[in-house]
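Please read the following walk through a protein chain alongside its sequence and coordinates. The text moves from the chain as a whole to its interior, and then to selected contacts and the surface.

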Amino acid sequence: MPFAVAALAFILAFFHLPHQPKKHSLDYAGFITLGARLSTLLLATSWGGTQYAWGSWQIIVLFAAAAILLAAFVANEARAEEPVVPLGLWKNRVFTLSNLSNAAVAMTMFGAIFFIPVYAQGVIGVSVTNSGLVLIPLTASMIATSILVGRLITRIGRYKVFLLAGPLIMGLGYYLLSRLHYGSTRTDITVAMVVVGLGLGAVLQTYMLVVQNATSREELGVATSITQLSRSLGATLGTAIFGTIMTSGLAREIPEHLPPGAAGGQSARRLSGGSGVGAILDPDTFSDLPPAVATGIREGLAAALHPVFLTGIPIIAVALLASMFIKELPLRTRAYADEPSSG
């Protein structure tokens, strides 16, 4: 809250853009159908494979509802006076490909942010207090690279090389994460995080720059909002998908790594169930367990996280492939605020 208040104070004091009041027509139907569609899609990906089987009627109905709501949303946007998402924007290949890449990068970014601390706390045994601090190398390398890349783009006026280098470096970082196992050290996980952060820093803000550079002044606000939405949607979907993969892995891996006779016990069933991650990360979980059982649980968690990080590699490949087809446009040398509005 204090940081938000400080940011708001700076905006009110210094952020003054030329503005001409204009009467607008709000697209209420667009707001409702878009929100409902995103909600049903997120529920389906969050519940699938955990609360309900992927082939259950509950998940099928949610996916069907998401498809119907998408069709209704598109039909509404085609005739709305001022649509929430102007369909014409998607005809801009730079805009479309940038948002696709942006969503894929966000999926893997939050996959790393959420599940690296799970590995550190549940497998390595990092304390609850320090598990959040584990991400400092990732955050530091990401921020430093983002600043450097921003300065380089300003100096050379080109951005395509960073759009290609970023996913490649992230892919290498995720490969290193997928190589983690029970017995890996803090150094191993730190090296992987730094590599992921270097790749993230190269593209995280660059996609926003590309979109804003490729759209008109009248479309700037909605194009920026959609890019933020694609990032948020990718983050939420990525977390749900990766979480489902890990939960399914726990049910399989923990019983396999426990000593003979312990796999069918109450503790094994509790730790390999839907709430297994919370139990594993509870500091009291291992206090009364025999060392062999505690080791088996940590080995099972490490094995369950392996496909989580491995899944990130093809997602990053999608971001790289889309970035390859983004046309590099000359950067604007004049701010929109200094240009006369065409409206």
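What is the accessible surface of the protein chain, and what percentage of it belongs to carbon and sulfur atoms? In this predicted model, the accessible surface comes to about 17900 Å², and carbon and sulfur atoms account for 67% of that area. Of the 343 residues in the protein chain, 41% are buried.

The secondary structure consists of 13 helices and zero strands, so that a reading along the sequence gives the pattern α-α-α-α-α-α-α-α-α-α-α-α-α. Among the contacts in the protein chain with a separation of 6 or more, 78% are between residues 24 or more positions apart.

The interior can be approached through its nonpolar cores. The largest nonpolar core has 57 residues, and those that touch the most other members are F115, I116, Y174, L177, L200 and L305. At least two residues of this core come from each of α4, α6, α7, α8, α9, α10 and α13, and the largest share, 13 residues, is supplied by α4. L200, one of the residues that touch the most other members, is in contact with V105, M109, L138, M142 and M170 when its neighbours within four places in sequence are left aside. Apart from this core lies another one, of nine residues, which include L34, L89, F95 and I226.

Helix α9, which spans residues 206-214, offers a view of the interior from a single element. Because seven of its nine residues are buried, helix α9 is largely enclosed by the rest of the structure. The buried residues in question are T206, Y207, M208, V210, V211, N213 and A214, and they pack against α4 (93-124), α6, α7, α8 (186-203), α10 (220-257) and α13.

Two buried residues with polar side chains deserve a separate look. T108 has its place in helix α4 and is buried, with a relative accessible area of 0%. The side chain of T108 reaches the backbone oxygen of V105 at 2.9 Å, a residue that also appears among the contacts of L200. Not counting residues up to four places away in sequence, T108 touches M170, Y174, F242, G312, I315 and I316; of these, Y174 is also listed among the residues of the largest nonpolar core that touch the most other members.

The second of these residues, S323, lies in helix α13 and is likewise buried, with a relative accessible area of 0%. The side chain of S323 makes a polar contact with the side chain of S101 at 3.4 Å. With residues up to four places away in sequence not counted, S323 touches S101, K160, L163, L164 and Y207, and Y207 is itself one of the buried residues of α9.

Charged side chains come next. Side chains of opposite charge can pair when their charged atoms come close. The structure holds two salt bridges. In one of them the side chains of E328 and R158 meet, at 2.9 Å from N to O. E328 lies in the segment after α13 (291-324), whereas R158 lies in the loop between α6 (136-156) and α7 (160-178), so the pair ties together parts that are 170 residues apart in sequence. Both partners count as partly exposed, E328 at 23% relative accessibility and R158 at 49%.

The other salt bridge joins the side chains of E253 and R252, at 3.4 Å from N to O. Is each of its partners buried, partly exposed or exposed? E253 counts as buried, because its relative accessibility of 12% is under the 20% cut-off, while R252 is partly exposed, with a relative accessible area of 41%.

The path ends at the surface, where L26, Y28, F31 and I32 make a nonpolar patch of about 470 Å². Y28 lies in helix α2, which covers residues 28-47, and its relative accessible area of 54% is over the 50% cut-off, so Y28 counts as exposed.

Conventions:
Residues are numbered from 1 along each chain as its sequence is written. This is a predicted model: local features need pLDDT of at least 70, side-chain atom pairs count only at pLDDT 80 or more; totals for chains, interfaces and linings use all residues. Side-chain values use heavy atoms; hydrogens and water are left out. Helices (H or I, at least four residues) and strands (E, at least two) are DSSP runs, numbered from the N terminus. Buried means under 20% relative accessible area, exposed over 50%, partly exposed in between (1.4 Å probe, protein chains only). Contact means heavy atoms within 4.5 Å. Accessible areas come from the Shrake-Rupley method with a 1.4 Å probe; for residues, only the protein chains shown count as cover. Patches are made of residues with over 30% relative accessible area and no salt bridge: like charges are joined within 9 Å, nonpolar side chains (Val, Leu, Ile, Met, Phe, Trp, Tyr) within 5 Å. A salt bridge is a side-chain nitrogen of Lys or Arg within 4 Å of a carboxyl oxygen of Asp or Glu. A polar contact is a pair of N or O atoms within 3.5 Å; within protein, one must be able to donate a hydrogen and the other to accept it, and residues adjacent in sequence count only if both atoms are side-chain atoms. A nonpolar core is a set of buried Ala, Val, Leu, Ile, Met, Phe, Trp, Tyr and Cys residues joined through side-chain atoms within 4.5 Å.
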